[in-house]
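Visitor: I'd like a close look at a single part of this one, but please give me the overall picture before we zoom in.

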Amino acid sequence: MTQKPIFIRHANQLITIKDSSTAPLKRQDMNELHIIEDGSVWLENGIIQAVGTDVEVSKLYKNRLAEADIIDATGKIVTPGLVDPHTHLVHAGSRENEFNMRLQGASYMEIMNAGGGIHSTTSATREATHEELFEQSYKRLNQFLLHGVTTVEAKSGYGLAWEHELKQLEVANSLNEKHPIDIVSTFMGAHAVPANYKETPEEFVDLVINEMIPKVAELGLAEFNDVFCERGVFTPEQSKRILEAGVKHGLLAKIHADEIEPYAGAELAAEVGAVSADHLLRVSDEGIQVMAEKNVIGVLLPGTAFFLMADFANGRKMIDAGVPIALSTDSNPGSSPTISLPFIMNLGCLKMGMTPAEVLVATTINAAHAIKRGHEVGSIEQGKKADITIFNVPNFYQLIYHYGMNHTDTVVKAGKLVVQ
Ligand code: NIG
Ligand code: FE
């Protein structure tokens, strides 16, 4: 069935974001939004066909206006569909039992080392069937969509055994097919050392390298390979071998780096040519410098610092040093149980010294580049996918200023109206 075109008209601010399909934005470019007042956009065949002022676009389509579904965006802002480039979407269970422990002073790592944390979600995920995981994750995706997000990266890493890693990756792939949101898959077999390898972690590393990574690549189940490089989890040396094995099999590298302690994770990201290094709460100055030199995107996750009551990553310093920055929820059941990117934007401004313009770039075009989708989504440009969010606020400052509430009004995904 052919779909009707959608014509979004009269946006108070049509925020197109600077067209940068080949590389993420850096430094001053992150702070310069491209905004069209009284802006309009014509969407057809799943693609953005024309962008401009209402006078310009309506002139182009003057003979076809009657054919289109018209959405009046008067008094509202129109942005690219938001992109969340780091989530642990597919999992079972919830960990509110840890909340009280942490409020009484137990640390995230203590809880994990005592068999809770990632291990507790691993048990729940192993017990869940494909259908149960699908259903729970599908509901989370609905919430993402309702908050204006149209593309989500999803990591495995709560299986920690081939059968269950496979199940998680297959669920992510079925979600990609069945849910309007596009899912980009990351293999994260090296998320924790499972209990049965506690005494022989090197054997688990070998298993990930020699068995899991080749199978993931062969079955085409993921595009990225990630590792939790942290003291007590995987060492920089083990992480290097795991990431290099991925690269050898065509899986691009990502890394959970310098989250709890400085551990030269950012340096490793630059060394192995990672697409992104994520977290970076405790990154070193050298790490920042080599990331800037090698154009490694820093994916910052302030929801995690907020929820773990830790010091925030210094986004301001990284942007000023020339690191391209993206923002993400890190949505997961333990360290950041949220799906709200708009709340993350607010934290970016209040806790990491970023400007409202920078946080919008960090959740659109730079987030798209962090998952190698910068050529398709993340800005409102002719020829890109028709992924558009309308927020019911008159300017983009209000999106961030009126925090902790959902301003999403309408979402169009691949040219289809999915939230209204
Ligand atoms: O990015 N740091 C490691 N992994 C996740 C948390 C996973 C969990 O606690 O379940 C993160 O914070
Ligand atoms: Fe994470």
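How many helices and strands does the secondary structure of the protein come to? After that, take me to the open sheet: in what order do its strands lie, and what packs around them?

Guide: Bear in mind that we're looking at a predicted model. Its secondary structure comes to 16 helices and 16 strands. For 420 residues, a compact globule would have a radius of gyration near 22 Å, and the 21 Å found here agrees with that. Along the principal axes, the C-alpha atoms fill a box of roughly 70 × 45 × 45 Å. Burial takes in 55% of the 420 residues. As for how the chain comes back on itself, take the contacts between residues at least 6 apart in sequence: 72% of them join residues at least 24 apart.

Now the sheet you asked about. It is open, it has 8 strands, and reading across you go S6-S7-S8-S9-S10-S11-S12-S13, with parallel pairing. The edges belong to S6 (82–84) and S13 (325–327); each has a single partner strand, so one side of each is left without a neighbour in the sheet. From one strand to the next, the twist averages 25°.

Start at the S6 edge. S6 and S7 (residues 149–155) run parallel and are joined by 3 bridges. One pair to look up is aspartate 84, whose bridge partner in S7 is valine 152. Stay with S7 for a moment, since helix H6 (residues 162–178) lies across both S7 and S8 (182–190). The angle between H6 and S8 is about 175°, so on the 0 to 180 degree scale of N-to-C directions the two are close to antiparallel.

Move along to S11 (276–279), which is one of the elements that the buried residues of helix H10 pack against. Within S11 sits histidine 279, and its backbone deserves a second look: phi is positive, about 90°, although the residue is not a glycine. Histidine 279 counts as buried because there are 29 C-beta neighbours inside 10 Å, where 20 or more is what burial takes.

Leave S11 and you enter the loop that leads to H10, where you'll find arginine 282. Arginine 282 has 19 C-beta neighbours inside 10 Å and therefore counts as partly exposed. Setting aside residues up to four places away in sequence, arginine 282 touches Asp258, Ile260, Glu261 and Pro262. For a sense of scale, glutamate 127 lies 155 residues from arginine 282 along the chain, and their C-alpha atoms are separated by 35 Å.

Next comes H10 itself (residues 285–294), in which Gly287, Ile288, Val290, Met291 and Ala292 are buried. What do those buried residues pack against? Besides S11, their partners are helix H9 (265–272), strand S12 (297–300) and helix H12 (315–320). After H10 comes asparagine 295, with a positive phi near 60°.

While you're in this model, look at ligand 1 too. Its shell holds 13 residues, and the ones that come nearest are Ile118, Asp330, Asn332, Gly334 and Ser335. By type, the shell divides into 8 polar, 3 nonpolar and 2 charged residues.

For contrast with the parallel sheet, go back towards the N terminus. There, S2 (residues 35–44) and S3 (residues 47–53) run antiparallel and are joined by 6 bridges. Tryptophan 42 stands opposite alanine 50 of S3. The two strands form a hairpin with 2 residues between them, and in the turn asparagine 45 has a positive phi of about 55°.

The loop leading from S1 into S2 has a couple of residues to click on. Lysine 18 is in that loop and is partly exposed, because its C-beta neighbours inside 10 Å number 15. Beyond four places in sequence, its contacts are Leu25, Asp29, Glu32 and His34. Of these, aspartate 29 is 11 residues away in sequence and 8.0 Å away in space, C-alpha to C-alpha. Arginine 27 also has its place in the loop between S1 (6–15) and S2. With 13 other C-beta atoms within 10 Å, arginine 27 is partly exposed, and its phi is positive, near 40°, in a residue other than glycine.

Note on methods. Residues numbered from 1 in each chain as written. Chains lettered and ligands numbered in written order. Predicted model: local features only at pLDDT ≥ 70, side-chain atom pairs only at ≥ 80, totals over all residues. Helix = DSSP H or I, 4+ residues; strand = E, 2+ residues; numbered from the N terminus. Rg over C-alpha atoms; globule rule 2.2 N^0.38 Å. Buried ≥ 20, exposed ≤ 12 C-beta atoms within 10 Å, placed from the backbone. Contact = placed C-beta atoms within 7 Å. Pairing = 2+ DSSP bridges. Near = placed C-beta within 6 Å. Nonpolar A, V, L, I, M, F, W, Y, C, P; charged D, E, K, R; others polar.
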